[in-house]
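Thanks for making time this morning. I would like to walk you through a few charged side chains, one helix and one pocket, and I will take questions afterwards.

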Amino acid sequence: MDLNTVLDVRDARSPVPWRRGDAWLGGGTYLFSEPQPHLRRLVDLGRMGWEPVRELPDGSLEIAATCTIARLSRFGKGWGAPAAPLVEQCCRAFLASFRIWNMATVGGNLCNALPAGPMISLTAALDGVCLLRAQDGSLRRVPVADFVVGAGRKDLGEGELLRSVTLPARALVSRTAFRQASLYGLGRSRALVIGVLDPVDGSLAVTVSAATVRPFRFWFPLPPDRRTLRAVIDAAVGADDWFDDIHGLPAWRRHMALRFAEEIRRELTGDTVGTADTPAPGGLR
């Protein structure tokens, strides 16, 4: 789509004072997908030269905001960490053509803050931390689970830039489990739940996303039983936190999230007690 209100495109390597109507340009797959009448200038990050993905000396993984989904997918396929399969699973949770895959960025997916954003799901589940840079050069770090605060809303100040997301080494050596519900085989996620079992202390983290307006990450020092897991999720996720749109009723999304959470709990802990819930009828509208 032509953005005919944009009067200038600046290279981010040559900083200019931020002004009303500015926007960061990464892959541009969202910016150029619909009208942006409020924009007057784009600040292009394409030539910043940030390394897309790099393993740090402490074993953690830094993903640049400009890393494309295609690049992250290629990295994940050749990566030897126990959590590596989760990278490809989340990349495949996109409803996107190969053209989008080669342009869309991890940072763009996070900053759009859409409930179905699979890079939000991936990085929140692996306890990722966002590095944010303000216009004055100051830096701050925010956990991904706190960065996205609602559907389309994030903790990002005027002119502030998401530089990267770092996944801690501890999470990368964990066992993971993945569940996703979509209306179609290659459709947008309606519920996406990820479990991460720490091999060191046996703690379990369950992250619920897509079904909710923001990611909810639940951490248990010891794996809970079925009843406790359900009670904790229900106590934290209020009625207004279950996402509601034409693709699924909140009650259906809640049902699928709870079902997936229990399946993941049993898969990662080996607890075979109990059976999976049956799908709730009338979930679509």
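Arg140 is partly exposed, with a relative accessible area of 29%, and I should say at once that this comes from a predicted model. Its side chain meets that of Glu160 in a salt bridge, at 2.7 Å from N to O. Because Arg140 sits in strand β7 (residues 139-143) while Glu160 belongs to the loop between β9 (153-154) and β10 (161-167), the pair ties together parts that are 20 residues apart in sequence. Glu160, for its part, is buried, at a relative accessible area of 8%.

By the rule used here, the count comes to 19 salt bridges, and I will mention a few others. The side chains of Arg10 and Asp8 meet at 4.0 Å, N to O; Arg10 is partly exposed at 29% relative accessible area, and Asp8 is partly exposed at 28%. In helix α9 (residues 250-269), Glu262 and Arg266 are four residues apart, so about one helical turn separates them, and their side chains form a salt bridge at 3.2 Å, N to O. Both partners of that bridge are buried, Glu262 with a relative accessibility of 5% and Arg266 with 19%. There is also a network of salt bridges that links Arg179, Arg259, Glu263 and Glu267.

Now, what about a buried arginine that has no salt bridge, and how far away is the nearest side chain of opposite charge? Arg190, which is in strand β12 (residues 189-197), is such a case: the side chain in question is that of Asp245, 5.0 Å away, whereas a salt bridge here requires the nitrogen to be within 4 Å of a carboxyl oxygen. Leaving aside residues up to four places away in sequence, the contacts of Arg190 include Ser182, His247, Trp252 and Arg253.

Strand β12 comes up again with helix α2 (residues 84-91), since β12 is among the elements that cover the buried residues of α2, together with α1 (69-78), α3 (98-101), α5 (118-125) and β11 (175-182). Six of the eight residues of α2 are buried, including Glu88, Cys90 and Cys91.

Lastly, the second largest pocket holds about 230 Å³ of space. It is lined by 16 residues, of which Ala12, Pro15, Trp24, Arg133 and Gln135 are the closest to its centre, and by class the lining has nine nonpolar, four polar and three charged residues.

Terms used: Residues numbered from 1 in each chain as written. Predicted model: local features only at pLDDT ≥ 70, side-chain atom pairs only at ≥ 80, totals over all residues. Heavy atoms only, no water. 1 Å grid on protein atoms, 1.4 Å probe; cavity = no way out; pocket = protein on both sides within 12 Å on 5 of 7 lines; lining within 4 Å. Points joined across faces, edges and corners; volume = space filled by probe spheres on them. Nonpolar A, V, L, I, M, F, W, Y, C, P; charged D, E, K, R; others polar. Helix = DSSP H or I, 4+ residues; strand = E, 2+ residues; numbered from the N terminus. Buried < 20%, exposed > 50% of the residue type's maximum accessible area, 1.4 Å probe, protein only. Lys, Arg positive; Asp, Glu negative; His and termini not counted. Contact = heavy atoms within 4.5 Å.
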